[in-house]
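User: Please take a close look at the disulfide bonding of this model, and set it against the fold around it. I would like one connected account, with the cut-offs stated.

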Amino acid sequence: TSVLIVVLYNSETMRSLHLVLVLVLAPLARQCGLTILDTPDGRKYPERCSHICSGISRYNETGIHAWWNSGSGPAGKVVEMSGCHFIAPPTVTITTRGLAGGCPALYEHSITAESVKVYTVGNVNALDPIRSKCNVHWIATGYICQ
C-alpha cells in the first residue's frame with residue numbers, strides 16, 4: 001500500500017505531517033519483524049527482542065581469531081560476534097569466500113552468545129585458508145533482550 005501526502009510548508013503542517021508519518025509507518029515497522037522459530041538452547045524470548053547480525057571474520061586476523069591447526073586434522077577459527085549483543089547462543093550460518101582461490105567447507109563446532117568456533121571439513125593446514133585469503137562470512141539470528 002502506498003500513501004502520497006502533499007503538504008505546504010509551515011510549522012503547524014510539519015507537526016501534523018510528523019503525526020501522520022508516525023501513524024502510517026508504525027504498523028509497517030511491525031510487519032517487517034523477525035520471527036525465530038527455534039534456537040540452539042531451545043529457549044524463546046519476545047519477538048520484539050529478535051535480532052539479525054552479520055559480519056566477516058578476516059583471513060589475516062591474529063590472536064584467538066586467527067586460523068589455527070587443531071592437531072587432529074582440520075583447521076579452526078573463532079568467529080567473534082560480541083558486537084551483536086546476543087543474550088543467548090544465536091542460530092548461525094557460515095560460509096567461506098577466498099580472495100585468492102578455493103576455500104574449504106566449514107562446520108560449526110560450538111556457539112556462544114559472543115562467538116562461534118568453526119572447523120574445516122577434512123584435513124586442512126591452517127596456512128591453506130590464509131594463503132587462499134579465506135574469509136568466514138556469517139549471519140546470525142538471535143535475541144538481544146528478554
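Analyst: The account below begins with the chain as a whole, goes through the disulfides, and ends with the sheet and the cores.

This is a predicted model, in which local features need pLDDT of at least 70 and side-chain atom pairs count only at pLDDT 80 or more, while totals for chains, interfaces and linings use all residues. Residues are numbered from 1 along each chain as its sequence is written, and side-chain values use heavy atoms, with hydrogens and water left out.

The protein chain contains two helices and seven strands, taken as DSSP runs numbered from the N terminus (helices: H or I, at least four residues; strands: E, at least two). Their order along the sequence is α-β-β-β-β-β-β-α-β. Of the 146 residues in the protein chain, 32% are buried, where buried means under 20% relative accessible area, exposed over 50% and partly exposed in between (1.4 Å probe, protein chains only).

Searching the whole structure gives three disulfides, each a pair of cysteine sulfur atoms within 2.5 Å. When the bonded cysteines of the protein chain are numbered in sequence order, they pair as 1-6, 2-3, 4-5.

The link between C49 and C145 has its sulfur atoms 1.8 Å apart, and a value of -100° about the S-S bond makes this link left-handed. It connects distant parts of the chain, since C49 sits in the loop between α1 (11–31) and β1 whereas C145 belongs to the segment after β7, 96 residues apart. The two ends also differ in their burial class: C49 is buried at a relative accessible area of 0%, but C145, at 24%, counts as partly exposed.

The disulfide of C53 and C84 has an S to S distance of 2.1 Å and is again left-handed, with -75° about the S-S bond. Here strand β1 provides C53 and the loop between β3 and β4 provides C84, so that distant parts of the chain, 31 residues apart, are linked. Both of these cysteines are buried, C53 with a relative accessible area of 16% and C84 with one of 3%.

C103 and C134 form a further disulfide, with 2.1 Å between their sulfur atoms; because the torsion about its S-S bond is about -100°, this disulfide is left-handed. Since C103 is in the loop between β4 and β5 (106–111) while C134 is in strand β7, the pair ties together parts that are 31 residues apart in sequence. C103 is partly exposed, with a relative accessible area of 24%, in contrast to C134, which is buried at 0%.

Strands β1 and β7, which hold C53 and C134 respectively, belong to an open sheet of three strands with the order β1-β7-β4 and antiparallel pairing, where two strands pair if DSSP finds at least two bridges between them. Its edge strands are β1 (50–57) and β4 (91–98), each of which pairs on one side only. β7 (residues 134–143) and β4 pair in the antiparallel sense over eight bridges, and C134 is the bridge partner in β7 of G98. This half-cystine is therefore in a disulfide with C103 as well as in a bridge with G98, its burial being given by a relative accessible area of 0%.

As for the packing of side chains, the largest nonpolar core (buried Ala, Val, Leu, Ile, Met, Phe, Trp, Tyr and Cys residues joined through side-chain atoms within 4.5 Å) has 19 residues, of which W67, M81, V92, I94 and W138 touch the most other members. At least two residues of this core come from each of β3 (75–80), β4, β6 (115–120) and β7, with β7 giving the most, namely three. W138 brings this core together with one of the disulfides: apart from neighbours within four places in sequence, it is in contact (heavy atoms within 4.5 Å) with both C53 and C84, and its other contacts include M81, V92 and I94. A second, separate core of five residues has I36, Y45, A88 and Y143 among its members.

Finally, among contacts in the protein chain between residues at least 6 apart in sequence, 71% join residues at least 24 apart.
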